Structure formats: C-alpha cells, structure tokens
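Here's a walk through a structure, starting from one residue and working outward to the whole chain. Keep the viewer open and click along as we go.

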Number of protein chains: 2
Amino acid sequence: MTTAPAAVPAPVPSETETAAQRARRARIISATLALASRGGYEAVQMREVAERSEVALGTLYRYFPSKVHLLVSAMASEVDQLSQRLQKRQPPGKTRAERVSFVLERSTRSLLRDPLLTEAMVRAMMAADATVAAEVNAVRQGMSDLIVQAIRGDDGEQEHDVELAAILQDVWFARQIAWLGGRIEAADVWRDIHLAIGLVLPDD
Amino acid sequence: MTTAPAAVPAPVPSETETAAQRARRARIISATLALASRGGYEAVQMREVAERSEVALGTLYRYFPSKVHLLVSAMASEVDQLSQRLQKRQPPGKTRAERVSFVLERSTRSLLRDPLLTEAMVRAMMAADATVAAEVNAVRQGMSDLIVQAIRGDDGEQEHDVELAAILQDVWFARQIAWLGGRIEAADVWRDIHLAIGLVLPDD
DNA sequence: TGAAATACTAGAACACGTTCCTGTTTCTGG
DNA sequence: CCAGAAACAGGAACGTGTTCTAGTATTTCA
C-alpha cells in the first residue's frame, strides 16, 4: 500500500491508441488464447505470455493489470466473435424455449469444443473481483444480448425478458463451473441447461 | 511429478480419528473462519492458519490438501449449522415461492452478515477443481436439501423439485459472485434472488 | 527542433501457495 | 514393554503472480 505514482496507467483500450499498441494488444490476446487452449488456466503464465507476445513483463501488466483481467478480456473478445456469428439472423424456433435452446446450445458447443480454453476463461470470470467489473460486464452483456434476442424472437420486448436471460446465464455459467469442478460430465452440462430452459421458459 | 510415496494421507475425516486429531481439525477450521471473517480470502494464509491453530504447515496440508479444500470444508461446516437451525421446522408460507423465499432469505442474510467470510468461502467454491468435488458436493447437497424441503412444504415430493432447487441454487451462488465482483450491491443480491424465485416457481 | 513526458525493455525482488527434508513424538501390533 | 510405522514440528526451498528499479526508446507539444 504505497502512495499512488504520478503516472496514470492505460488499462482500457483508448481511442488514442497507436498502431503499435493495437498490435501489441492483439499479440498478447493471441498468445493468451494459444496458451490457454493448450494447457488451461495454469498454463497461462504471465512470463510466458509476455515472452510469446514479444513484450516485457512490465508492459504486459500495463495493458492488463492482472492475469484475471487478461483472461476475461480474452473471453470478451471470444464472446464478441460468437455474438457476431449468431446475431446475423434470428434464431429459428417457434417458442421462446426453442430459440433460446438453439442459441445456448451453439454457445455451449462452441465452448466445450476447446475445453482448456473455456476452463481458463470461465475460471477467470469467477475469480474476478471489483477491479475487473467492467470487463466481466462486457462478457455478460454480450451473452445477455444473445439470449434476450432469442427470447423475443420476432415479437419484440417481453415481460421480464432481461431478468429471465440473467437467470439462464447464471445457470449456464454455474453448470460450466460444475463441469470444471469435475462434478458433472460434459454431456450433462447441456442436459442441465436444456432442462433449465424448459422450466424457466414454459410454453405459453 | 514424482512417484507417489508409500504412505497414504488422510484427507477425509475418518471414523478412526484420535481425539487429538479431531481437536486439531477443529482448531484449524476455527482459525480459518476467524481469519476469513477478518480479512476475506486473501487473509486466509496457510502459514498464518498453521500458526494460529498450533500446527505445523505440513500437518495443515495433511489435513487439508489445499487452501481451497480448507475453505470449502469450512463452508460445509457453516452450511451444516445453518441447515440444522433452519430444518427444525417447516418453513412458513402457503406457496412454494413463499417458503423458498423464507429459506433463501434467511440463508442470504446469514451470509451477508459476515461479508468477508462469505467472500472467502464462495470464492473457494468457485475455484474448486475436481480434487475438491466431494467437499463441494457436500455444500451443495446441504443447500439443496434446504430448498427442496421448502418447495415440498407439507405436500411431499413434487415434479422437478430437485431440478428447480438446483436452478435456484445456481442463481443464488451466481448473484453472490456478482456481488463479490462488485457488479451489484448487497441489496440487489436478495432482490435478484427473490425475482428468480418468482419466475421459476410461479403460483399454480 | 529539442526537451519533457510517456512507454517500453530487461531483469531483480517480493509474496504466498505448495512441496520437501530432517528430526522428534505418538500410535499400533506383537 | 518394544520395534516399526505413522503423524507431527520446524523450517528451507520452489513456482508463479505481481511489483519495482534502472536504463533506453518513442511520442508529444511548445
């Protein structure tokens, strides 16, 4: 607990970022994803990330003030991509439950395909403290948008749609944690989520 | 990764435990709760726990093979107490939602009263890997029993009661995580859980 | 353009979870 | 009661996240 130094760090990607800085940030995220994909949370070692992205350790910490920030940011970028792919068209299905199942099934499958990467990112999400709130919210907002869109279908806003999406997202994360914790099998993740969708979104 | 030593450790409280060993285990848990209550997860330092419980560091690790094991075990013992207090009589309320609200409100309030202790325990629950599955399941089982009992009321088994309890427990944990992560206020924890109860357990 | 501010590199240093080692005490079976 | 086994004490040592320092390169702006 020393007094704060004069210099203000640049934790957030600002719009006044030089090309070299954008490139560094991209290299860092890329190295992080590669390491996580190969060995999960523990394989993402800050020294190794710095070395692979050809950046000094101190610089890595200037861009991402902790390992958790780094991994949550990586997840945000992944959810962003997933979201862009899925939001191109309305999810198919006649009922809310069918549409949400479609979206969450695709999301779940996409994550479980790279279990170690998912382990690293989800673990970071759960370990996040208040200093990472912004990054965590970005991830949750991305997921929430997907689910809310599926709940609404073509009918527009519905009562409690945002709250229902939050519940489903909570279950979605919790089931992944249970899987990471070795308490359920990968196959059960989807079964449990599907079951929750049916219970939370009964057909009218 | 060395070959395993011949001696079998004693991770689980066996029934052939000497009185001195039971006392050591109790001292360790007690020191853990005290430290966590004062300073949260990071204040529970293994050297400090060992010192306060008058046990060598190696011995601490013989009883609890990691910090996460230690904290999850502490939570199991707390949930046990909570459960015994709450299960004395049927929770009041005419509807499922009312009874579950009663139980979860008491549980939530009981936890939020000691925020740092809760932070330590919940964080450990989320950080648990497969080696802690047994301890984590003990905690979840205790909570699940409470909720299922509340859903059933005097009417006995109901369709999907266990699955509904699991969903509510997922939301319950997730909302606490959100609070720990500085994304929602303490007051919102209960509001969100209450909202989820209403949505998941509609009056018949 | 030149000087101050900022960003970056390289690497040492620190903190805490975890492991390991050595010697002593306590328990258990005969 | 005795010998071997298991448990414990005390403490050194290691790994990885994080911080800090000193020196160099780059950017900013008057």
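Let's begin with R106(B), which you'll find in helix α5 of chain B. Keep in mind throughout that what you're looking at is a predicted model. How accessible is R106(B)? Its relative accessibility comes to 36%, which puts it in the partly exposed class. For a sense of distance, pick V162(B) as a partner: the two residues are 56 apart along the chain, and their C-alpha atoms are separated by 20 Å.

Now slide back to the start of that helix. Helix α5 of chain B covers residues 96-112, and R96(B) belongs to it. Is R96(B) buried or exposed? It's buried, with a relative accessible area of 15%, and the cut-off for that label is under 20%. Compare R106(B), in the same chain B helix α5: at 36% it counts as partly exposed. The side chain of R96(B) also has a polar partner, since it reaches the backbone oxygen of P202(B) at 3.1 Å.

Moving on along chain B, P115(B) sits in helix α6, residues 115-127. This proline is partly exposed, at 35% relative accessibility. Try drawing a line from P115(B) to G39(B): they are 76 residues apart along the chain, yet the C-alpha separation is 9.6 Å.

Next, head towards the earlier part of chain B and look at two loops. In the loop between α2 (46-52) and α3 you'll meet E54(B). What is unusual about its backbone, given that it is not a glycine? E54(B) has a positive phi, about 55°. Its relative accessibility is 65%, so it counts as exposed.

The following loop, between α3 (57-63) and α4 (67-86) of chain B, is home to S66(B). Which residues does S66(B) touch once those up to four places away in sequence are set aside? The answer is M46(B) and Y61(B). There's a backbone link here too: a polar atom in the side chain of S66(B) lies 3.2 Å from the backbone nitrogen of V68(B). If you'd like a contrast with P115(B) and G39(B), try S66(B) and P91(B), which are 25 residues apart in sequence but 36 Å apart in space, C-alpha to C-alpha.

Time to hop over to chain A. Before α1 (19-39) there is a leading segment, and T18(A) is part of it. With a relative accessible area of 41%, T18(A) is partly exposed. Measuring C-alpha to C-alpha, T18(A) and L70(A) are 20 Å apart, with their positions 52 residues apart in sequence.

Further along is another residue with a positive phi. H160(A) shows a value of about 65°, although it is not a glycine. Where does H160(A) sit? Look in the loop between α7 (133-152) and α8 (161-180) of chain A. H160(A) is partly exposed, at 31% relative accessible area, whereas E54(B) counts as exposed.

Carry on into helix α8 of chain A and stop at R175(A). This arginine is buried, with a relative accessible area of 8%. Its side chain forms a polar contact of 3.1 Å with the side chain of D192(A). Leaving out neighbours within four places in sequence, the contacts of R175(A) include I184(A), V189(A) and I193(A) in chain A, along with R140(B) and D170(B) from chain B. That makes R175(A) a handy spot for looking at both chains together.

Finally, zoom out to chain A as a whole. It has 9 helices and 0 strands. Its radius of gyration is 19 Å, close to the 17 Å the globule rule gives for 204 residues, so chain A is as compact as a globular protein of that length. Along its principal axes, the C-alpha trace spans about 60 × 35 × 35 Å.

What share of the 204 residues in chain A is buried? The figure is 49%. Looking at contacts between residues at least 6 apart in sequence, 68% join residues at least 24 apart. On the outside, chain A exposes about 10,400 Å², and carbon and sulfur atoms supply 51% of that area. As for charge, there are 24 positive and 27 negative side chains in chain A, and the centres of the two sets lie 6 Å apart.

Technical notes: Residues numbered from 1 in each chain as written. Chains lettered and ligands numbered in written order. Predicted model: local features only at pLDDT ≥ 70, side-chain atom pairs only at ≥ 80, totals over all residues. Heavy atoms only, no water. Helix = DSSP H or I, 4+ residues; strand = E, 2+ residues; numbered from the N terminus. Rg over C-alpha atoms; globule rule 2.2 N^0.38 Å. Buried < 20%, exposed > 50% of the residue type's maximum accessible area, 1.4 Å probe, protein only. Contact = heavy atoms within 4.5 Å. Areas by Shrake-Rupley, 256 points an atom, 1.4 Å probe, with all protein chains shown as cover. Lys, Arg positive; Asp, Glu negative; His and termini not counted. Charge placed at Lys NZ, Arg CZ, Asp CG, Glu CD. Polar contact = N/O pair within 3.5 Å; in protein donor to acceptor, adjacent residues only side chain to side chain.
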